[in-house]
Amino acid sequence: MAQSSTRFTSRIDVAGPSGERFDEILTPAAVEFIAKLDNAFAGRRCELLDARRQRREKLASGEEQLGFLPGTRWVRNDSSWQVAPAGPGLEDRRVEITGPTDRKMTVNALNSGAKVWLADFEDATSPTWANIIGGQLNLFDAIRRNIDFTTESGKHYTIGDNPATIVARPRGWHLVEKHIRIDGRPVSASLVDTGLYFFHNARQLVARGSGPYFYLPKLESHLEARLWNDVFRFAQNELGIPQGTVRATVLIETITAAFEMEEILYELREHASGLNAGRWDYIFSLIKNFADHGADFVLPDRAQVTMTVPFMRSYTELLVSTCHKRGAYAIGGMAAFIPSKDPEVNAVAFEKVRQDKEREAGDGFDGSWVAHPGLVPVCDEVFTEVLGGWPNQLGRLRDDVSVSAEDLLNVASAGGEVTEKGVRGNINVALRYVDSWLRGTGAAAIFDLMEDAATAEIARCQVWQWVRNGTKLDDGTAVTPELVRTWLDEELADIRGDLGAGNRLDDAREIFVETALGEKLPSFLTTGAYARYLTELN
Ligand SMILES: CC(=O)SCCNC(=O)CCNC(=O)[C@H](O)C(C)(C)COP(=O)(O)OP(=O)(O)OC[C@H]1O[C@@H](n2cnc3c(N)ncnc32)[C@H](O)[C@@H]1OP(=O)(O)O
Ligand SMILES: O=CC(=O)O
Ligand SMILES: [Mg+2]
C-alpha cells in the first residue's frame, strides 16, 4: 500500500504487508495524522535522542556526574503546582494488569478484575507489523465492545461488566516503525502507536466515560516529558478534544529520569496522572550507564537485585514522596513471579508477590502491577487492606523521606556475589527470550517467571559488565569472553533440545554475541534486532 498525502508535500509510504482489516486502522486520515505528528515532532525527537547519546558518553567518561539538576531547582521548590486530577476511570488504580494486545489477552485483561489494563506495545510486545497493527485493531474493537469470538475448542470470549480502564503503552522514543515511511525515513514508533490509538479511539473513549490514557516508557529526561506533553496538546487540538483530556503515567525506569521525577511531572502537569516504578528497565539503565565504572558499580547475580536492596528502596521511596507531594499516583512495579501448575512453586510465587505488594502498599504506593489474572486477587487484597475505604493514598505525603544522589547511586549497597549459575542463567534466559521475541511473542513464561524485553536487556548488559570488569565469580574464576562463549554454546545446546524445530536460536545467539560480547555496549538490544529481523518491507 502506498499513499500520498494531499496536505503534505512529503511522500508517505505504508510498506508493511497487509493483513485482515488492517485498512480499518491504516485509513488515509489516520496515516495523515501520523504524518502531521511526524512533521511537528520528528526533529525534536532526533535532538533528544542525540542529547541522550551525549549524556551517556559523558557519564561513561566521567565528564558528567548524575545529580538533581541545579537549573530546575525552582520547579522542585515551588510548592504551588499540582498535577491534574485523576481522569474518569483512573480514580482507583489499586490493581493494574499488564500484557500484550493480542485478541485473547485483550479480553482476559479487561475481564481480570484489575482496575486498569496496561495495553502494551513496549516491553511485552515483539514489534512485528502484525502485532502492532493487529494490536491496534484489538483495542479498536474492545473499546467499541465488538470483540466477541469463540475458539476452535469452543471457549467463548466476551467483555464482561466492569472492564478495566485501558491505558495504552506506546513504544519508547528510541524505536522506529520501519513500515511507515515519510520521504523514505522511518517514523517514530512512539508517534505511530500513540497517533493511531489516539486518532481512532480518543473520542470514543471520552464518549464512553473514559479517556485517551497512556503509560510513557523509558524517558530519560524532563525534556522528553515536555515533548510528550506537546504531542498531547497537538493531538487534542487536531481532533478537537479539550486540552487536558489525556492522562499520562510516566515510567521512571531510567537512572537519569530518577533525578528528574519532579520536573517530569511538572512538564506534563496538565496531563500527568502518576509515576510508575519500572524496576526492570531501571536496573538495565543503571548497568548500562555505569557498565564501565569499575567494581563499585558491578551488580551481583540478577536474582539478588531485589527491591529491598538499599539503592532500589531509595528509588521507590523517592518516587512515592515525589508523587504525593504533587497529587500524582504512585504505581508499583512488576514482581516476576507468575502462577505455576506445580503447587509448591505456586505457593512460593504467591507468597513472593504478596510480600512485594505489601512492601509497596506499606510505603504509600496507590496501586501496583500484576502480570497475570491469577495474581489480581492477591494484589487487590493487599492494597484494599491498606487503603481502607479510600481509593488511593494520595493523602500520605511521606515527608519523612529524604533521598540523596548518593543513595540512588549506591549500587555497591546491593552486596551479593556473581556466580556461575548467575552468568549461565543470564545467557540462558536471554537466548530463550530473544528466540520468543523473534518468533513474535514479547512476553514469555520462562522457568515460572514472566520475562519480557527488559529481562533480556539486563541479562546481556550484566554479562558485558562482568566481562569488561573481569569480575570474579564466588569461586574465584574471572568472567572472560572465552568463558562466556563456552557457556553460551553449552546453554544453547541445552535449549535447542527443549525448543525443537522452528526455533530462532541461531539468530538469538548472534544478537547475544553482538550485544553482550561486543567491544561497545549497544544502548538497546531491540533496536538492531528489530531492524535486522522484524521488518517485512514490501
Ligand atoms: C518489565 C515490564 O514491563 S512488566 C510488563 C510487561 N510484561 C507483561 O505485561 C507480561 C504479561 N504477562 C503475560 O504476557 C503472560 O502472563 C505470560 C506470557 C507471562 C504467561 O502467559 P500464559 O503462558 O498464557 O499463562 P497461563 O497459561 O497461566 O494463562 C492462563 C490464562 O490467563 C491469560 N493471561 C495470562 N497472562 C495474562 C495477561 N497478562 N493479561 C491477560 N490475560 C492473561 C492467558 O491468556 C490464559 O487465558 P485462557 O485461559 O483464556 O487461555
Ligand atoms: O516496564 C517496566 C519495567 O519494569 O521495565
Ligand atoms: Mg520497562
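## Around ligand 2

In this predicted model, ligand 2 sits among Asp123, Leu251, Glu253, Gly278, Arg279, Trp280, Asp281, Gly333, Met334 and Ala454. Sort that shell by class and you get 4 nonpolar, 2 polar and 4 charged residues.

Which helix gives the most to the shell around ligand 2? That would be α10, residues 279–290, with 3 residues. Keep α10 in mind, as the helix turns up again where the two domains touch.

## Around ligand 1

Ligand 1 has 24 residues around it, and those that come nearest are Thr98, Gly99, Asn108, Asp123 and Ala443. Asp123 is also listed in the shell of ligand 2. By class, the surroundings of ligand 1 split into 16 nonpolar, 4 polar and 4 charged residues.

Three elements each put at least two residues into this shell: strand β3, helix α4 (103–110) and strand β15 (444–446). Where does ligand 1 lie relative to the domains? Both domain 1 (11–406) and domain 2 (417–531) give residues to its shell, so ligand 1 lies between them.

## Two domains and where they touch

The protein chain is divided into domain 1, residues 11–406, and domain 2, residues 417–531. Taken over C-alpha atoms, their centres are 25 Å apart. On the contact itself, 34 residues of domain 1 meet 36 residues of domain 2.

Looking at the domain 1 side, β3 (95–100), α10 and α12 (343–363) each supply at least two of the touching residues. The largest share comes from α10, which brings 6 residues. By class, this side of domain 1 has 19 nonpolar, 8 polar and 7 charged residues. Two of these elements also appear around the ligands: β3 in the shell of ligand 1, and α10 in the shell of ligand 2.

## What the UniProt record marks

An unreviewed UniProt entry annotates residues 165–410 as "domain: Malate synthase TIM barrel". In the model, that span is 46% helix and 15% strand, and its end C-alpha atoms are 37 Å apart. The annotation "domain: Malate synthase C-terminal", also from an unreviewed entry, covers residues 418–531. Here the chain is 65% helix and 5% strand, with 33 Å between the end C-alpha atoms.

The "active site" annotation (unreviewed entry) covers Arg169 and Asp452. They span 284 residues in sequence, yet their C-alpha atoms are no more than 14.3 Å apart, so they gather at one spot. As for local structure, Arg169 belongs to strand β7, residues 165–169.

## A helix pair: α5 and α6

Two packed helices are described by the angle between their axes and the distance between the axes. For helix α5 (residues 129–143) and helix α6 (residues 189–207), the angle is about 5° and the axes are 10 Å apart. The two helices are therefore roughly parallel to each other.

Which residues make the contact? From α5 come Gln136, Leu139, Phe140 and Ile143, while α6 brings Leu196, Tyr197, His200, Asn201, Gln204 and Leu205. Sorted by class, the α5–α6 contact has 6 nonpolar, 4 polar and no charged residues. Set beside that, the shell around ligand 2 does include charged residues, 4 of them.

Key: Residues are numbered from 1 along each chain as its sequence is written. Chains are lettered from A and ligands numbered from 1 in the order in which they are written. This is a predicted model: local features need pLDDT of at least 70, side-chain atom pairs count only at pLDDT 80 or more; totals for chains, interfaces and linings use all residues. A residue is near a molecule or strand if its C-beta atom, placed from the backbone, lies within 6 Å of it. Helices (H or I, at least four residues) and strands (E, at least two) are DSSP runs, numbered from the N terminus. Ala, Val, Leu, Ile, Met, Phe, Trp, Tyr, Cys and Pro count as nonpolar, Asp, Glu, Lys and Arg as charged, and the others, Gly among them, as polar. Axes are lines fitted to C-alpha atoms, for helices over the stretch in contact, and angles run from 0 to 180 degrees between N-to-C directions. Angles under 35 degrees count as roughly parallel, over 145 as roughly antiparallel, 65 to 115 as roughly perpendicular and the rest as oblique. Two residues are in contact if their C-beta atoms, placed from the backbone, lie within 7 Å. UniProt positions are given in the numbering used here, feature names are shortened, and annotations may be inferred rather than shown by experiment. Domain bounds come from an automatic or database domain assignment.
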